[in-house]
Amino acid sequence: MRASKTIRRSRPSGAGADGVRALGVDYAETAISLAQSRYQGTSGLSFQRWNAEGDEWATLPLYDVISSRLSYTLIQEKEKFLKDVRDHLVPGGSFHVMTPHAVRPTPARTPKHWNHSGRNQ
Ligand SMILES: C[S@@+](CC[C@H](N)C(=O)[O-])C[C@H]1O[C@@H](n2cnc3c(N)ncnc32)[C@H](O)[C@@H]1O
């Protein structure tokens, strides 16, 4: 997945040449493995298996930007998710959502049909 990307405000160690550090998360191991191999060697970029609805948000720092690409529609408890996102943005931070469906996937595009290669089956 090139899923939920996050960028920290400060310039921590491990940041890329441009001073930006980004963390990509997904709860699917296949998505993380694919992202790691695709972006291997990209400075400042790391990936972590993480469930936005099951794992502890308190372990995460604050971010300038939180982005959810093609994932928001799969979130079950949207109100809680949006609150968690808000609570992990710096003041004035941004939440970016890219979604083809505002509420839920159509039957033909449910998660089981997603093959983590960037194409729907
Ligand atoms: C349609 S794919 C998009 C993948 C990637 N974001 C991209 O843009 O290529 C949806 C992804 O959301 C992930 N996902 C769904 N619910 C999630 C959750 N609660 N926590 C983390 N990832 C989740 C799925 O594992 C899947 O990889």
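Which strands do the buried residues of helix 1 pack against? Let us keep that question in mind while we get our bearings in this model, which is a predicted one.

The chain has 2 helices and 5 strands. Starting from the N terminus, these elements follow one another in the order β-β-α-β-β-α-β. Of the 121 residues, 19% count as buried. Contacts often reach across the sequence: among those between residues at least 6 apart, 61% join residues at least 24 apart.

Now for helix 1, which covers residues 29–38 and has Ala31, Ile32 and Ala35 as buried residues. Viewed down the helix axis, the buried residues fall within an arc of 95 degrees, so they line one face of helix 1. A general rule helps here: an α-helix has 3.6 residues a turn, so residues three or four places apart point the same way. Glu29 and Ser37, on the other side of helix 1, are exposed.

That brings us back to the opening question. The buried residues of helix 1 pack against strand 2 (22–26) and strand 3 (45–49). These two strands are themselves partners, for strand 2 and strand 3 pair in the parallel sense over 5 bridges. If you would like to find a spot where they meet, look for alanine 22, which stands opposite leucine 45 in strand 3. Taken together, strand 2, helix 1 and strand 3 make a right-handed β-α-β unit.

Further along the chain, we come to strand 4 and strand 5, which run parallel and are joined by 6 bridges. Between them the chain passes through helix 2, and this β-α-β crossover from strand 4 to strand 5 is right-handed. Serine 68 has valine 97 in strand 5 as its bridge partner. How many of the 10 residues of strand 5 (residues 89–98) are buried? The count is 0, and strand 5 is hardly covered.

Our last stop is leucine 70, in the loop between strand 4 (63–69) and helix 2 (78–87). Is leucine 70 buried or exposed? Leucine 70 is buried, because 20 other C-beta atoms lie within 10 Å, and 20 or more is what a buried residue needs. Leaving aside residues up to four places away in sequence, leucine 70 touches Met98 and Thr99. Leucine 70 and threonine 99 are 29 residues apart in sequence, yet their C-alpha atoms are 4.8 Å apart in space.

Conventions
Residues are numbered from 1 along each chain as its sequence is written. This is a predicted model: local features need pLDDT of at least 70, side-chain atom pairs count only at pLDDT 80 or more; totals for chains, interfaces and linings use all residues. A residue is buried if 20 or more other C-beta atoms lie within 10 Å of its own, exposed if 12 or fewer, and partly exposed in between; C-beta atoms are placed from the backbone. Helices (H or I, at least four residues) and strands (E, at least two) are DSSP runs, numbered from the N terminus. The arc is that of the directions from the helix axis to the C-beta atoms. Two residues are in contact if their C-beta atoms, placed from the backbone, lie within 7 Å. Two strands pair if DSSP finds at least two bridges between them. A crossover is right-handed if, with the strands pointing away from the viewer, the path from the first strand over the helix to the second runs clockwise.
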